[in-house]
Amino acid sequence: MYDVFITKASKYLPNEPVSNDEMETYLGYINGAKSKAKSLILRNNKITTRYYALDKEGNPTHTNAQLTAKAIEGLFDENFKKEDMKLLSVGTTSPDQIQPSHASMVHGELNIGKSIEINTATGLCNSGMNALNYGFLSVKAGVQEAAVCAGSERMSSWMTADKFNHEAENLILLEERPIIAFKREFLRWMLSDGAGAFLLENKPRENATNLKIEWIDFYSYAHEIEACMYAGCEKQEDGSLKSWADYPSDEWLKQSIFALKQDTKILDKYILVKGAESLRSSFDKHNLNPESIDHVLAHISSGYFKEGLKDEFANVGLDFPWEKWFYNLSEIGNIGAGSIFVALEELMNSGKLKKGEKVLLCVPESGRFAYSCALLTVC
């Protein structure tokens, strides 16, 4: 078994940051009217800027595969050239197509000129960590000496006004029945585009910041809780999901079958509690003292959860003081599977890390409540 190190991190955020006032310029006005939900959601999520792979006319400027490839290209240097890559492992919520796989498309964009091993992790926010874990285990087992891992999203094209215009009737009922519009529009004001990438190697680099991956843990609570975030299906009264394939095609648009939706009532009930429960399990499993942690990077979808997450961690004996927490949500928005990559890239390249420090990564996924966490050591 080999030690595994993150020896380099890179990110790619498309175009210029988009302010709250500019969002509807890019995404468009649903049926020509300003959103009634936007101001409330933005006030709660505390996001001030985000990135879109769109121009101001709503036209796409990058595919997800292109965003991911651009982030990965930032890893290449004289010590690790493009031709040295043998394993590519990527994760995303928003691939450009159902098939071929996202990794296949990224491989094609990179124009390496040779065959490599590829892996695609699909799902929601945890798909980035799933991709990282695949690379971690491959290098640790000695199957590969190095791995390139990435997390990315391009959700902006899912959120343009033309995807919602047909819901005019529901939007007219907004004040009377807000849940109809809210579950479909809620994520429109939270999501951002971008990609982050890590280079994993079985040896640390000299005269550079390296992060040794000590462990990565995963937890799923699907055996207890129904789906909270979903797309390509519709939730039934009994909590089950009915697949798009089981609907007549003329219902796909009428019922917004392919829209990304979130059940906010279930979200508030479980997302923080189960996150604390899973992290406590990892600290017990690895006999880890919370006082040994120097930096906490916890992906949150909204600033609304920031205080509550700290409190829930404290409730299970994991009371990390605020000075140990690192967030960049307000500046970059919620990049889903790419968020933890972009946050760690910023911290890793900040010059703030010191040898021997411990970095904790925490990623929740509200799909059906799955969680991951990882411990890194600066060396």
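The tour begins inside the protein, where 3 cavities of 30 Å³ or more are counted. The structure on display is a predicted model.

**First stop: the largest cavity**

Select C125, I271, H299, P364 and E365, the residues that lie nearest the centre of the largest cavity. The space held there is about 390 Å³, and 35 residues form its lining. Next, colour helices α9 (264-285) and α10 (306-315) together with strands β14 (358-365) and β15 (370-378); these elements each give two or more residues to that lining. Helix α9 contributes the most, with 6 residues. Colouring the lining by class shows 22 nonpolar, 11 polar and 2 charged residues.

**Second stop: the second largest cavity**

Keep H299 selected and add A298, I300, N328 and A343; these five lie nearest the centre of the second largest cavity. Its volume is about 110 Å³, and its lining consists of 13 residues. Which elements should be highlighted here? Strand β13 (295-298) and helices α11 (329-332) and α12 (339-348) each supply at least two lining residues. Helix α12 gives the most, namely 3 residues. By class, this lining comprises 9 nonpolar and 4 polar residues, with no charged residue.

**Third stop: the largest pocket**

Turn now from the cavities to the pockets. The largest pocket encloses about 1000 Å³ of space. To find its centre, select T93, W158, A231, G232 and F258, the closest of the 39 residues that line the pocket. Then display strands β5 (117-122) and β9 (229-230) and helix α8 (249-254), the elements that provide two or more residues of the lining. A colouring by class divides the lining of this pocket into 18 nonpolar, 15 polar and 6 charged residues.

**Fourth stop: the second largest pocket**

Finally, select F80, E145, A146, E201 and N202, which lie nearest the centre of the second largest pocket. This pocket has a volume of about 300 Å³ and a lining of 15 residues. Which strand should be shown alongside them? Strand β6 (residues 146-153) supplies the largest share of the lining, with 3 residues. How does the lining of this pocket divide by class? It has 7 nonpolar, 2 polar and 6 charged residues.

**A last view**

To close, return to H299, which is among the residues nearest the centre of the largest cavity and also among those nearest the centre of the second largest cavity.

Notes:
Residues numbered from 1 in each chain as written. Predicted model: local features only at pLDDT ≥ 70, side-chain atom pairs only at ≥ 80, totals over all residues. Heavy atoms only, no water. 1 Å grid on protein atoms, 1.4 Å probe; cavity = no way out; pocket = protein on both sides within 12 Å on 5 of 7 lines; lining within 4 Å. Points joined across faces, edges and corners; volume = space filled by probe spheres on them. Helix = DSSP H or I, 4+ residues; strand = E, 2+ residues; numbered from the N terminus. Nonpolar A, V, L, I, M, F, W, Y, C, P; charged D, E, K, R; others polar.
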